[in-house]
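Here are some notes for a colleague who has not looked at this structure before. They take the nonpolar interior and then a metal site.

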Amino acid sequence: MPTIDDVLAKIDANQTDALARLFALLAIPSISADPAHFPDCDSAADWLVRELGGLGFDVAKRQTKGRPMVVGHAKAKRRDAPHVLFYGHYDVQPPDPLNLWKTPPFEPQLVEADSGQRIVARGAADDKGQLMTFVEACRAFGETGGLPCNVSVLFEGEEETGSPSLPAFMAENASELKADIMLVCDTSMWDKQTPAITTMLRGMVFEEVILRAANRDLHSGLYGGAAINPIHVLSGILAELHDDNGAVALPGFYDGVEELPEEIAAQWRDLDFDGGEFLGKVGLAVPAGEKGRSTLEMIWSRPTCDVNGIVGGYTGVGAKTVLPAIASAKVSFRLVGKQNPEKIAQSFRAFVKARLPADVRAEFIAHGGSPAIVLPTKSEALRRARRALEAEWGKPPLLIGSGGSIPIVGVFKRELNMDALMVGFGLDDDSIHSPNEKYERSSFHKGARSWARLLAALAA
Ligand code: BES
Ligand code: MN
Ligand code: MN
């Protein structure tokens, strides 16, 4: 009978090949936001199908209205073993701005840094490197006598665009996807030495607003003064979205937002989070959110509104005296507690419409929404996961929140009543969604070892 140490030794022995496999996946520019890269999304899905097929999974690429899903199943060597569903996403964010990358985003590199070796490429940490930690753990079990759990995997190709095809796919394949627990590797560690289990994620609503005024762009000398400028209107409305205390001014926005339970607040105080250091690392000093809230609350447990992009008029080199016909903005809201994504989208639209002057029309494009997630902080699976992670890292994992969003977790809870165990090996300085994204080689290696221990612990 092979032991967990045999499996871990196999992961160690496979390291060089594992890196080559990850690099092959990272070289595929599977950018889900960009139609020009839809074929690459298919290639990434095909790559994963081949990879899992090679590990003995019964696996297929499954079409949706958008990018395909990859679904695979593999049986445990034991009959009565628990059934886990592992989720990851093979799509990545656009690499823009390209000129800030030190090496091309889809030519993965192993780079020496003071902290150790790092894997640099778009998707290294979000989420290809992370999902491959699980695949490598499965490979090592396969090479040492078989899986301890029945394992299903679901790899999505639209996470970075709000998972639009997921609810329908899940409804149509509910019985196939139902498992005892969902495992997710798309979150962060506390720091490079300290593992973490994420039990809270913020939800999100994403809206695009387009304001139109004149029927064409105008000469700002001949028309300026008389013709209304939609950039002025838009920026005025956007400026009204926050009040002087940094709170979001949409009517009803805070419905469903509750104060942190004292138990969690106490846990967070124990975390010893240094807000000054957190902002200092990105060149900032003063927390800019709601007055009277700690930095940790601002990023984990309070809702937000951010303008993610704004476009209008002439933005090329030099000067051009144009009075534009159109101005647009992309606006997202991070949600907590029981905030309702639908209601907040409606409130935003009403807020804009109520402020439109004569001659300006608004059009809205919805880019999806998902509610916040709060997972139980006491369960048998969590207890086992804590012990498994402690065995690998030499200290117990911290239970943390995260300001990011992973829409699928809420969908699985609501539709299939499945709780997720979110264990990730990302770090704050991985620069996910930014230029020069990286994943620590130690995250990749010890991540795979952690999943091996976790699967064994869940099965024991
Ligand atoms: N993996 C991230 C979210 C994340 C990062 C959670 C780090 C916890 C720690 C995910 O890929 C992501 O970027 N999600 C988007 C979701 C959106 C596009 C619906 C986000 O949070 O902006
Ligand atoms: Mn991700
Ligand atoms: Mn992401």
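1. In this predicted model, the largest nonpolar core has 65 residues, and the members that touch the most others are Phe155, Leu183 and Trp451. Helix α4 is the element that gives the most to this core, with 10 residues.

2. Trp451 is worth following through the core. Beyond its neighbours within four places in sequence, Trp451 is in contact with Phe86, Thr133, Phe134, Ala137, Leu183, Val184, Cys185, Val423 and Phe425. Another core lies apart from the one around Trp451; this other core has 25 residues, including Val205, Leu234, Phe253 and Ala345.

3. Which residues are the protein donors of the manganese ion (ligand 3)? They are Asp126 through OD, Glu160 through two OE entries, and His433 through NE2, at 2.1 to 2.5 Å from the ion. Along the sequence, the spacing of these donor residues reads D-x33-E-x272-H.

4. The arrangement around the manganese ion (ligand 3) is irregular because its six donor atoms subtend angles of 56 to 158 degrees. An octahedral label would need opposite donors over 155 degrees apart and all other angles between 65 and 115.

5. Asp126 also serves a second ion: this residue bridges the manganese ion (ligand 3) and the manganese ion (ligand 2), and the two ions lie 3.6 Å apart. Asp126 sits in helix α4 (residues 124-142), while Glu160 is in the loop between β6 (150-156) and α5 (166-172); the pair is 34 residues apart and links distant parts of the chain.

6. Are Asp126 and Glu160 buried or exposed? Both residues are buried.

Conventions
Residues numbered from 1 in each chain as written. Chains lettered and ligands numbered in written order. Predicted model: local features only at pLDDT ≥ 70, side-chain atom pairs only at ≥ 80, totals over all residues. Heavy atoms only, no water. Donors = N, O, S within 2.8 Å, 3.2 Å for Na, K, Ca; no water. Tetrahedral: all angles 85-135°; square planar, octahedral: opposite > 155°, others 65-115°. Helix = DSSP H or I, 4+ residues; strand = E, 2+ residues; numbered from the N terminus. Buried < 20%, exposed > 50% of the residue type's maximum accessible area, 1.4 Å probe, protein only. Core = buried A, V, L, I, M, F, W, Y, C linked by side-chain atoms within 4.5 Å. Contact = heavy atoms within 4.5 Å.
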